[in-house]
Amino acid sequence: MAEAVLFEVKEAVAIVTLNRPERLNALNGDIHAGLRAAFDKIETDEAIRAVLLTGAGRGFCAGADLMQSLSGVNAAEKRDLGAALDKEYNPLVRRMRALPKPIVSAVNGVAAGAGVNLALAGDIIIAAQSANFTQAFIRIGLIPDAGGTYFLPRLIGDARARALAMLGETITAEQALAFGLVYRLFDDAVFHEEALKIAAGLAQKPTLALAAMKRAFAASAGNGLDEQLDLERDLQRDMGYTPDFAEGVTAFVEKRAARFTGKAG
Ligand code: LHQ
């Protein structure tokens with residue numbers, strides 16, 4: 001059986017590919033296990049400085065596997081969906097957000113349900129022209145999970161977030177771009193290559209500054225301006241002590257390209 005998650009490292013980028021194309025990469029136990037293993041490696045391997053999360057085939061991810069994990073649901077048998085979120089989905093979203101390395105979510109095709117919200121847990125979200133996005137939850141009597149009710153209003157505003165969640169309509173990649181759900185679109189033919197280019201570029205940047213940005217942006221959602229200014233001061237103080245800051249300034253003065261290591265010392 002093919003591995004449910006493919007993992008390879010190229011140009012200091014961990015390329016993590018959801019790999020159940022016949023099910024549009026719907027999330028089952030094998031995919032969750034594969035993702036856990038991938039993030040174990042990404043968290044501990046210093047040579048990995050960025051992540052590219054994408055899907056095999058014509059889908060990015062169709063959300064929870066309704067055939068395998070949830071089939072046979074009936075009113076008499078009460079399923080604790082909260083347990084699945086506690087065990088698999090929420091730790092994954094928290095892990096992605098806390099990862100001190102940038103994540104590019106490359107939505108290569110269909111994204112539905114938790115598949116969309118998994119992408120939104122990344123830092124930079126790009127999509128192929130043929131991609132589409134559906135908060136499919138309402139179609140089966142659920143609410144957006146995997147961070148959907150958190151990410152959506154912050155990214156696209158409350159009005160659009162509520163409409164997408166409540167109507168369960170599919171939006172095209174162009175609409176997603178216009179809404180601000182994704183940063184950029186690329187033609188399908190060059191999508192993987194362009195996605196890798198972005199991730200590889202991030203992998204050459206000062207990693208500690210990217211990690212500190214993730215912390216600052218994460219805190220910004222719950223902070224007032226005063227607290228955020230204090231946090232920026234603290235994080236910037238840390239950045240001022242990094243070799244990459246010294247290298248950045250030296251390279252500027254010497255009018256050459258900087259060579260960042262992403263290391264603390
Ligand atoms: C699938 C799936 C799928 C299995 C397509 N599962 N096979 C829930 C509960 C528990 C805890 C955690 O959180 C969640 C969160 C959730 O994510 S709930 C939302 C789950 N996702 C959905 O409701 C989406 C279901 N899929 C669809 O509505 C459609 O497949 C979409 C709109 C994604 C794509 O439509 P099409 O492009 O027309 O493709 P298709 O429907 O023909 O799908 C291709 C194959 O993939 C097909 O299999 P088949 O054997 O007929 O070729 C589908 O059955 C299979 N597939 N999604 N989630």
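The questions and answers below go through the sheets, the ligand surroundings and a salt bridge of this predicted model.

User: In which order do the strands of the six-stranded open sheet stand?
Analyst: This sheet is open, and its pairing is mixed. From one strand to the next, the twist averages 20°. Read across the sheet, the order of the six strands is β1-β2-β3-β5-β7-β10.

User: Why is one side of β1 and of β10 left without a neighbour in that sheet?
Analyst: The strands in question are β1, residues 5–10, and β10, residues 184–186, and both stand at the edges of the sheet. One side of each is left without a neighbour because each has a single partner strand.

User: Which residue of β5 is the bridge partner of Leu52?
Analyst: Strand β3 covers residues 50–55 and strand β5 covers residues 103–107, and the two pair in the parallel sense over three bridges. Within β5, the bridge partner of Leu52 is Val104.

User: Which strands form the edges of the four-stranded open sheet?
Analyst: The four strands follow the order β4-β6-β8-β9, with mixed pairing, and the twist from one strand to the next averages 20°. Pairing on one side only marks the edge strands, which are β4 (59–61) and β9 (170–172).

User: Which residue in β9 does Asn132 stand opposite?
Analyst: Strand β8, made of residues 132–134, pairs with β9 in the antiparallel sense, and three bridges join the two. Opposite Asn132, in β9, stands Thr172.

User: How far from an oxygen atom of the ligand does a polar side-chain atom of Asp145 lie?
Analyst: Asp145 is one of the residues that come nearest among the 26 around the ligand, together with Arg58, Ala62, Ala64 and Leu66. A polar backbone atom of Ala62 is 2.9 Å from a nitrogen atom of the ligand, while a polar side-chain atom of Arg23 lies 3.0 Å from a ligand oxygen atom. For the polar side-chain atom of Asp145, the distance to an oxygen atom of the ligand is 2.6 Å.

User: What share of the area that the ligand exposes when taken alone does the protein bury?
Analyst: Taken alone, the ligand exposes 1,000 Å². Of that area, the protein buries 70%.

User: Which element gives the largest share of the shell around the ligand?
Analyst: By class, the shell holds 18 nonpolar, two polar and six charged residues. Two or more residues come from each of α2 (81–98) and β6 (110–112). The largest share, four residues, comes from α2.

User: How many residues apart are Asp123 and Lys214, the pair that links distant parts of the chain?
Analyst: The structure holds 14 salt bridges, and one of them joins Asp123 to Lys214, with the closest N and O atoms 2.8 Å apart. Asp123 sits in the loop between α3 (114–120) and β7 (124–128), whereas Lys214 belongs to helix α8, residues 207–220. Along the chain, the separation of this pair is 91 residues.

Technical notes:
Residues numbered from 1 in each chain as written. Predicted model: local features only at pLDDT ≥ 70, side-chain atom pairs only at ≥ 80, totals over all residues. Heavy atoms only, no water. Pairing = 2+ DSSP bridges. Axes fitted to C-alpha atoms, helices over the stretch in contact; angles between N-to-C directions. Near = heavy atom within 4 Å. Polar contact = N/O pair within 3.5 Å; in protein donor to acceptor, adjacent residues only side chain to side chain. Areas by Shrake-Rupley, 256 points an atom, 1.4 Å probe, with all protein chains shown as cover. Nonpolar A, V, L, I, M, F, W, Y, C, P; charged D, E, K, R; others polar. Salt bridge = Lys/Arg side-chain N within 4 Å of Asp/Glu carboxyl O.
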